Amino acid sequence: MGSRELYREAKELFPGGVNSPVRALVEPEPFYVADAQGPYLYTVDGEKLLDMVLGYGPLILGHRHPKVEEALREALRRGWLYGAPSPLEVELAKKILAHVKPGGMIRFVNTGTEATMTAIRLARGYTGRKLILKFDGNYHGSHDQVLVAAGSAAGELGIPSSSGVPREVASLTLVARYNDLHSVEEAFRRHGDEIAAVIVEPVAANMGVVPPLPGFLEGLRRVTRSHGALLIFDEVVTGFRISLGGAQKYYGVEADIVTLGKAIGGGMPIGAVAAERRIMEHLSPAGKVFNAGTFNAHPLAMAAGIASLEALEKELPRASEAMKEVVEALDEAASRAGIEYTINRVESMAQIFLGTSGPVENAEQARASNHRLYKRLHHYMRIQGVFIAPSQMEALFTSTAHTSRETELFQEAATRALKRALEP
Ligand SMILES: Cc1ncc(COP(=O)(O)O)c(C=O)c1O
């Protein structure tokens, strides 16, 4: 069956035809994947696509890295669920903590959503406070506490961004402007002694890519510390991608709690919460903040994670070099096309904002770019054999499997696709 027929059936089976909304943004229908290898996806329709999405971040080594595949095969031979601990979780924990929170502790869960949900509950349990502060345009998964949009003013109590989230729940989340310390200070001036934690994407990856301005993360560190609130870095995307130590190492700012996911499982479902022992010991069964999961520390995710991190310790710089080449190619293609654009990049994550030449430093500026033109670019890139994220608000990623052959392919595709996208 081809993608069109599969999608026709899927629409009868799944709300909106898919199991995660962003997948439905690929038009006229999502392509169905038959196979994947290195930096390429192969669709059931016979297309070969250069993958710049990489599972929305996890596949920093590309598809089917031989070491990860070998580790998974080996793990499969020992069974894949025990309801009891395995040596693999001890090994992966030591590896992650050495880079992210030396001397600290970690809890493995199954998704980034569970990681941020647990981190927020932990921060509340630890501080005994109830409010949290997040940023407009930052995404932390699909649980109630973070499905919250800005209210009438920045730094004010939030309103639900999804039907089904009660107003009362949303009102426990304050929403400030990304890269705007004043809006954070204002929120703390009003609610300082009630705020348990500030949760932030240290590099925003869900409004395109938006890096922190110099002093922003440092300012969050200062403000939270002076009010007795915790600082949570949501490193589900940045962890082991922008550096082995994530954003904490990259920007030299230490968070109290770090949430991880995506890359640490090498493409298997995973999430994690890491912090110093004095905080982590509040989690059950050591402490009174509840967390549990049938699949927590799943042996296959642990095995893939260990193999991935070992490979990344050697290979990570290539992913960044590849994105540097991709961005140079985009820059050249866009300037040749004579359009206004802004490109933001941090290591192996980047996005081009079309129709704007000003800086893109927050969600409002990201939303103001030309989303229709971006969609056309996505469409024509696909025709040229390149899969870029279907939304201007997502990121482009490169992996260690993207060689100069792939970046050349990207350059040719971008030049042609931008030309077509701009045709009336
Ligand atoms: C920064 C960030 N945090 C959390 C999540 C949620 O992770 P998951 O989709 O694994 O639940 C995402 C997902 O894209 C993310 O980008």
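This is a short tour of the structure you have open, one selection at a time. Keep in mind that the model is predicted.

**Stop 1: the two domains**

Start by colouring the protein chain by domain. Domain 1 is made of two stretches, 3-64 and 315-422, while domain 2 covers 66-310. If you mark the C-alpha centre of each domain, you'll find the two marks 26 Å apart.

Now look at where the domains touch. Domain 1 puts 25 residues into the contact and domain 2 puts in 28. On the domain 1 side, select strand S14 (341-346), strand S15 (349-354) and helix H11 (363-367), each of which supplies at least two residues. Which of the elements gives the largest share of that side? That's S15, with four residues. Colour this side of domain 1 by residue type and you get 14 nonpolar, seven polar and four charged residues.

**Stop 2: Val360, in a loop**

Stay in this part of the chain and pick Val360, in the loop between S15 and H11. Is Val360 buried or exposed? It is buried, because 24 C-beta neighbours sit inside 10 Å, and the cut-off for buried is 20 or more.

Show what Val360 touches, leaving out residues up to four places away in sequence: the set is Gly208, Val210, Thr342, Asn344, Phe353, Gln365, Ala366 and Ser369. Then try a distance: from the C-alpha of Val360 to that of Lys67, your viewer should give 38 Å, for two residues that are 293 apart along the chain.

**Stop 3: the four-stranded sheet**

Next, select the open sheet with four strands, which run in the order S1-S2-S3-S16 with mixed pairing. Its edges are strand S1 (33-37) and strand S16 (386-387), and each of these pairs on one side only.

Zoom in on the middle of that order. Strand S2 (residues 40-43) and strand S3 (residues 48-51) are antiparallel partners joined by three bridges. To see one of the pairs, pick Tyr42 and look for its bridge partner in S3, Lys48.

**Stop 4: the eight-stranded sheet**

Now for the open sheet with eight strands. Follow the order S4-S13-S12-S11-S10-S5-S9-S7, again with mixed pairing. The edge strands here are strand S4 (105-109) and strand S7 (156-157).

Begin at the S4 end. S4 and strand S13 (residues 271-275) run antiparallel and share five bridges. Ile106 has Ala274 in S13 as its bridge partner.

Move along to strand S10 (residues 195-200). How many of its six residues are buried? Six of the six are, so to speak, under cover. S10 pairs in the parallel sense with strand S5 (residues 131-135) over three bridges, and Ile132 stands opposite Ala197 in S10. S10 also runs parallel to strand S11 (residues 230-234), with four bridges between them. Pick Ile199 there, and Ile232 in S11 is the residue standing opposite.

While you have these strands on screen, here's a handy rule: in a regular strand, side chains alternate between the two faces of the sheet.

**Stop 5: the largest nonpolar core**

Some of those residues come back now. The largest nonpolar core has 135 residues, and those touching the most other members are Ala123, Ala197, Ile232, Ile257, Ala272 and Ala303. Which helix gives the most to this core? Select helix H10 (residues 299-337), which contributes 18 residues. Keep your domain colours on, too: the core draws at least three residues from each of domain 1 and domain 2.

Zoom in on Ala303. Apart from residues up to four places away in sequence, Ala303 touches Ala71, Leu72, Glu74, Ala75 and Leu88.

**Stop 6: Arg225, on a helix**

For a contrast with Val360, go to helix H7 (residues 216-227) and find Arg225. Arg225 counts as exposed because 12 other C-beta atoms lie within 10 Å. Its C-alpha is 9.7 Å from that of Asp256, and the two residues are 31 apart in sequence.

**Stop 7: around the ligand**

Finish by selecting the ligand and the 15 residues around it. The ones that come nearest are Thr111, Gly112, Thr113, Gly141 and Val236. Helix H4 (residues 112-127) gives the most to this shell, with three residues. Colour the shell by type and you'll see five nonpolar, eight polar and two charged residues.

Key. Residues numbered from 1 in each chain as written. Predicted model: local features only at pLDDT ≥ 70, side-chain atom pairs only at ≥ 80, totals over all residues. Near = placed C-beta within 6 Å. Nonpolar A, V, L, I, M, F, W, Y, C, P; charged D, E, K, R; others polar. Domains from an automatic or database assignment. Contact = placed C-beta atoms within 7 Å. Core = buried A, V, L, I, M, F, W, Y, C linked by C-beta atoms within 7 Å. Pairing = 2+ DSSP bridges.
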